[in-house]
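Visitor: I'd like a close look at a single part of this protein rather than a quick tour. Could you pick one strand and walk me through what surrounds it?

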Amino acid sequence: MMTYIATFYSHYGAIQFRKNCEKMNLKAVVMPVPRNLSSSCVQFESEGKFPDSTEETEQIVRVEERGYVSIYQADEE
């Protein structure tokens, strides 16, 4: 099981994503974000299945020993 962090433009987006993780039976928690990532985030564990992203999702990264690996990045407008 891999650990991922999803960041959001708002706290509301983080709460909605956490709920979507729980619907998929994924362990997820809203947590303080590492400052080098963003302002609101959810850490979750998955075997590679992800809840649907919304317009609030900024990015998803995989947590590794040496840092973060980008899995998803929202289009910049």
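Guide: Let's take strand 4 and work outwards from there to the sheet and the core. Keep in mind that this is a predicted model. The chain averages a pLDDT of 83, and 88% of the residues score at least 70. Confidence peaks in helix 1, at a mean of 91, and is lowest in strand 3, at 81. As a general caution, predicted coordinates should not be read in detail where pLDDT is low.

Strand 4 covers residues 57–64 and pairs with strand 1 in the antiparallel sense, over five bridges. Two of the partners can be named: Ala6 is bridged to Ile60, and Thr7 to Gln59. On strand 4's other pairing, six bridges join it to strand 5, residues 67–73, and again the two run antiparallel. Here Arg62 sits opposite Val69. Strands 4 and 5 also make a hairpin, with two residues between them.

Now zoom out a bit. The sheet is open, has five strands in the order 2-3-1-4-5, and its pairing is antiparallel. Its edges are strand 2 (28–31) and strand 5, each of which pairs on one side only. From one strand to the next, the twist averages 25°.

Back on strand 4, Thr57 is worth a stop. Why does Thr57 count as buried? Its relative accessibility is 1%, and the cut-off for buried is under 20%, so Thr57 qualifies. Leaving out neighbours within four places in sequence, Thr57 is in contact with Thr7, Phe8, Tyr9, Phe17, Tyr72 and Ala74.

Two of those contacts, Phe8 and Phe17, lead on to the core. Both belong to the largest nonpolar core, which has 11 residues. Strand 4's Ile60, the bridge partner of Ala6, is in that core too, as is Ala6. The other members are Tyr4, Ala14, Cys21, Leu26, Ala28, Val42 and Phe44. Strand 1 (2–8), helix 1 (11–23) and strand 3 (40–46) each supply at least two residues of this core.

For one more core member, try Cys21: not counting residues up to four places away in sequence, Cys21 touches Leu26, Ala28, Phe44 and Pro51. Of these, Leu26, Ala28 and Phe44 are listed in the core as well.

So, to retrace the route: strand 4 pairs with strand 1 through five bridges and with strand 5 through six, and Ile60 is among the residues of the largest nonpolar core.

Key: Residues numbered from 1 in each chain as written. Predicted model: local features only at pLDDT ≥ 70, side-chain atom pairs only at ≥ 80, totals over all residues. Heavy atoms only, no water. Core = buried A, V, L, I, M, F, W, Y, C linked by side-chain atoms within 4.5 Å. Buried < 20%, exposed > 50% of the residue type's maximum accessible area, 1.4 Å probe, protein only. Helix = DSSP H or I, 4+ residues; strand = E, 2+ residues; numbered from the N terminus. Contact = heavy atoms within 4.5 Å. Pairing = 2+ DSSP bridges. pLDDT = per-residue confidence, 0-100. Axes fitted to C-alpha atoms, helices over the stretch in contact; angles between N-to-C directions.
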